[in-house]
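I opened this notebook to keep track of what I looked up, in the order in which I looked it up. The entries start below the structure.

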There are 2 protein chains.
Amino acid sequence: MPKVSDDHLAARRSQILDGARGCFAEYGYDGATVRRLEETTGLSRGAIFHHFRDKDALFLALAKEDAERMADVAANQGLVQVMRDMLADPAQFNWLGTRLEIARRLRTDPEFRANWEERSEELNAATLARLERRKAQGALRDDVPTDVLLGYLELVLDGLIARIASGHTSENLAAVLDLVEASVRRRADQ
Amino acid sequence: MPKVSDDHLAARRSQILDGARGCFAEYGYDGATVRRLEETTGLSRGAIFHHFRDKDALFLALAKEDAERMADVAANQGLVQVMRDMLADPAQFNWLGTRLEIARRLRTDPEFRANWEERSEELNAATLARLERRKAQGALRDDVPTDVLLGYLELVLDGLIARIASGHTSENLAAVLDLVEASVRRRADQ
């Protein structure tokens, strides 16, 4: 019965990813040792690395999960909504600090970087598609190229991730996101 | 001759800070071991820790140097100019990745966090003072509270630091910063 087996594999995979997410959030990338991954997933190293080749693969799979979830929201409601969702429940995104810890590796390890960029491609594409659609509807400002608007929103997202990861979510960030959203919109009097 | 002695101390301190900056940039926070700090500063651990109590103290002193330099620019030319300067010479800011690596500690270690916030206070104050001045001159938009404009610029700065630290400085970031600057300005037709 392959169906049951597939379900089992998917459940196991998801159990590993959930545990790893908590482990990265608590201990950071380097601190997420094999022993700690065993504790937080409740599985043996053999089981974990049967599903994921190594810690990098585990990390990239989590990044992919995030990117897919964000891409869904970005495609329908835009990247600012993705940020609002993060702001509404920052604790859920504590693991994102791990993304920051790996910044130096992104800079210095081309293969890791290529894998990482592949993961974020989906989110970029979803955001870009929505921007193009909104622009065609006349909802976006037309004095700034779409790739600059995309770069702008991605830069703010990176800032928000850094802020959430360090626990610095000041009270006025919701108003800041309103300003960000207004900055890409067509002005009412145009 | 206390003057000579003071000069000597200042030169030694500066030698340590320069070496430590390079060490953090290359190896990251955890990777900047005492042995590596000795190599990059060219000084013994005794000499290094005579000037700085521990690695945290060294790190916070570097953050203070940055904050002071940025505060000078921010006070006169604004925070966007600080960002343009970073973008013009990103390699000089590679060490900022270390700021990202410590995000988890900022979230979980209240004392470290308090020390860190004290360091960034000067930059915030300089930026806020300039925003207030520009607002009084009628150069800034007046439909958004100044603290929101400040929070906005700081969020973008955090994003830029993350981008530079990971080597992701895309070509259109200069145009993105133009958009950021325009977003806080009073519109020409107001």
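Is F59(A) buried or exposed? I found F59(A) to be buried, with a relative accessible area of 0%, where buried means under 20% relative accessible area, exposed over 50% and partly exposed in between, with a 1.4 Å probe and protein chains only.

Before going on I noted that this is a predicted model, in which local features need pLDDT of at least 70 and side-chain atom pairs count only at pLDDT 80 or more, while totals for chains, interfaces and linings use all residues. Residues are numbered from 1 along each chain as its sequence is written, chains are lettered from A and ligands numbered from 1 in the order in which they are written, and side-chain values use heavy atoms, with hydrogens and water left out.

**Rings**

I then searched the whole structure for aromatic pairs and got 14 over all chains; rings of Phe, Tyr and Trp (its six-membered ring) pair if their centres lie within 6.5 Å, and planes under 30 degrees apart count as stacked, over 60 as edge-to-face and the rest as tilted. One of them joins F24(A) and F59(A) edge-to-face, at 5.8 Å centre to centre and 85° between the planes. Because F24(A) lies in helix α1 and F59(A) in helix α4 of chain A, this pair ties together parts that are 35 residues apart in sequence; helices here are DSSP runs (H or I, at least four residues), numbered from the N terminus. F24(A) is also buried, at 0% relative accessible area. Ring pairs link F24(A) and F59(A) with Y29(A), W95(A), F112(A) and W116(A) into a cluster.

**Salt bridges**

Next I looked up salt bridges, each a side-chain nitrogen of Lys or Arg within 4 Å of a carboxyl oxygen of Asp or Glu, and the search of the whole structure gave 32 over all chains. In chain B, R21(B) bridges to D66(B) with the closest N and O atoms 2.8 Å apart, and the pair ties together parts that are 45 residues apart in sequence, since R21(B) is in helix α1 and D66(B) in helix α4. R21(B) is buried at 14%, and D66(B) is buried at 3%.

**Between the chains**

Last, I checked where the chains meet, and found that the contact (heavy atoms within 4.5 Å) takes 45 residues from chain B and 45 residues from chain A. I counted two salt bridges between chain B and chain A, and recorded that D158(B) forms a salt bridge with R163(A), with the closest N and O atoms 2.8 Å apart.

How values were computed. Helices (H or I, at least four residues) and strands (E, at least two) are DSSP runs, numbered from the N terminus.
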